[in-house]
Amino acid sequence: MDNLLSIVTFIPALGALILGVFLRGEDEAANRNAKWLALIATSATFLISLFILAQFDPQNTGFQFVEEGDWLLGLKYKMGVDGISVLFVMLTTFIMPLCIAASWNVNTRVKEYMIAFLVLETLMLGVFMALDLVLFYLFFEAGLIPMFLIIGIWGGKNRIYASFKFFLYTFIGSVLMLVAMVTMFAQAGTTDIPTLMNHDFGSESFSVLGIHVVGGVQTLMFLAFFASFAVKMPMWPVHTWLPDAHVQAPTAGSVVLAAILLKMGGYGFLRFSLPMFPVGSDVMAPLVLWLSAIAIVYTSLVALVQEDMKKLIAYSSVAHMGYVTAGIFAANQQGIDGAIFQMISHGFISGALFLCVGVIYDRMHTREIDAYGGLVNRMPAYALIFMLFTMANVGLPGTSGFVGEFLTLMGIFQANTWVAMVATSGVILSAGYALWLYRRVVFGDLIKESLKTITDMTGRERAIFAPLVVMTILLGVYPALITDIIGPSVEALVGNYQTALAASGDAVQVAGH
């Protein structure tokens, strides 16, 4: 099928257009139609994206399904996927129908809500498929707008503060990335990402304002991209926008934020930082590894003292992303395999945990941990589902959470044993905050009057969790589903990275002689 990537990318946008143009009114029937149309559009996107996975050849480490053409003002439109990006495309199309299904109780400005989610899906898919710098930047930045609206219009009491904080943090970081992109175009004369991945941006050290820049232009470029991707991940200490955004966002907004939007930072490191600026990445790797280790321990300790369930899970997300950044900058096969696996796995697990909070928030309209207790007496099915995802979040063997953490820690250990030792303590801390949360919400006697009439999960809610349960356990017992797809592409990435470092080392030695 020709133009498969464009079809998958723009079906949600087409659904949003149909919603915006043809659907009129705010009555119950119109709202129901908006929900069904959004669900059909996102489900169709997922089903068609399965064709991409079915025809994808993992042994081919280049870009596949490439589509190319001229666009407005002479800009290039170029899309493609490789072993690293194809799974992020699948994760996005898999999660979005669940988000729409989880939004069935939304009853204010339903049409606009659904349009925002459909446009957001198109923009997120574009980020993972774009093979042109300008196209990537447009998708990457435009994705801020629907998320800003989702938090700002349908969020909680402090939604305006949270949405502006989210927007400003992520936007300011990206300004430096834009400057670097312009410099790259000036140097290489092209915005084609595959070409830029093989371009040498120069790694000769120089001094500026009395500061010696090791790795030269590559280090400066790396830092410019790092400013954007580190905020998106988010890495410590630029993570403070995330807990606010999560707490104020509606349930489906939190799911998209945790499951997909955070992954754009990790994807950016793999697509730009390592292949394009190998010397800069190597120079900055020790800093990134230690920032990741601090993030894992610090945010785990912060999670231990939270009173709000969503905030606890948000801090847990920052800690888990610490494993991802450390795995990526360990720059070896296990580390990067583990980082990608952890991102995909975290998409299912954290998404499910935010949905778990949403289930009881819909009934009680509070996220305070102290407002609950003894739910197992009234909600046994919910208690079981919540327990599975709590254990997966801790990294219990047999769940996908274990595989991701184990692989990244193996990769980090090869790169830096001290960082690996600090990072491993995060496994113990995560068990602390996750099990403590579960005990306080689910176990104990049912003594609060308000909880005595609470009902267990509905059929719709169980149907939303079913695919997440299947994927979490399936990837836990059969991780080759992911590692077989990403393995060859990661191997090529690591090989090119090592070759580039060796070449720059030889160049430095020759210059020294």
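The following exchange examines how several descriptions of this predicted model are justified.

Colleague: What makes the protein as compact as a globular protein of its length?

Modeller: Its secondary structure comes to 20 helices and four strands. The radius of gyration is 23 Å, and the globule rule gives 24 Å for 513 residues; the two values are close, so the protein is as compact as a globular protein of that length. Along the principal axes, the C-alpha trace spans about 80 × 55 × 45 Å.

Colleague: How many of the residues count as buried, and what share of the contacts joins residues 24 or more positions apart?

Modeller: Of the 513 residues, 59% count as buried. Among contacts with a separation of 6 or more, 80% are between residues 24 or more positions apart. The accessible surface comes to about 19,500 Å², and carbon and sulfur atoms hold 67% of that area.

Colleague: Why is Lys165 called buried?

Modeller: The relative accessibility of Lys165 is 17%. The term buried applies under 20%, and therefore Lys165 counts as buried. This residue is found in helix H7, which covers residues 159–188.

Colleague: Which residues are in contact with Lys165, leaving aside neighbours within four places in sequence?

Modeller: They are Thr240, Trp241 and Asp244. Lys165 and Asp244 are 79 residues apart in sequence, yet their C-alpha atoms are 8.2 Å apart in space.

Colleague: Phe171 also lies in helix H7. Why is Phe171 called partly exposed?

Modeller: Its relative accessible area is 35%. Buried requires a value under 20% and exposed a value over 50%; 35% lies in between, so Phe171 is partly exposed.

Colleague: What makes Phe171 eligible for a nonpolar surface patch?

Modeller: A patch residue must have over 30% relative accessible area, and Phe171 has 35%. Phe171 belongs to a nonpolar surface patch of about 630 Å². The other residues that make this patch are Ile160, Phe164, Leu168, Ile172, Val175 and Val179.

Colleague: Which residues have the most contacts inside the largest nonpolar core?

Modeller: Ile95, Phe136 and Val441 have the most contacts inside this core, which has 165 residues. Helix H15, residues 333–364, provides the largest share of the core, with 16 residues.

Colleague: What does Ile95 touch, not counting residues up to four places away in sequence?

Modeller: Ile95 touches Val255, Ala259, Ile260, Gly347, Phe348 and Leu468. Apart from the largest core lies another core, of ten residues, including Ala326, Val419, Ala420 and Ala423.

Key
Residues are numbered from 1 along each chain as its sequence is written. This is a predicted model: local features need pLDDT of at least 70, side-chain atom pairs count only at pLDDT 80 or more; totals for chains, interfaces and linings use all residues. Side-chain values use heavy atoms; hydrogens and water are left out. Helices (H or I, at least four residues) and strands (E, at least two) are DSSP runs, numbered from the N terminus. Buried means under 20% relative accessible area, exposed over 50%, partly exposed in between (1.4 Å probe, protein chains only). Contact means heavy atoms within 4.5 Å. Patches are made of residues with over 30% relative accessible area and no salt bridge: like charges are joined within 9 Å, nonpolar side chains (Val, Leu, Ile, Met, Phe, Trp, Tyr) within 5 Å. Accessible areas come from the Shrake-Rupley method with a 1.4 Å probe; for residues, only the protein chains shown count as cover. A salt bridge is a side-chain nitrogen of Lys or Arg within 4 Å of a carboxyl oxygen of Asp or Glu. The radius of gyration is taken over C-alpha atoms; the globule rule is 2.2 Å times the number of residues to the power 0.38. A nonpolar core is a set of buried Ala, Val, Leu, Ile, Met, Phe, Trp, Tyr and Cys residues joined through side-chain atoms within 4.5 Å.
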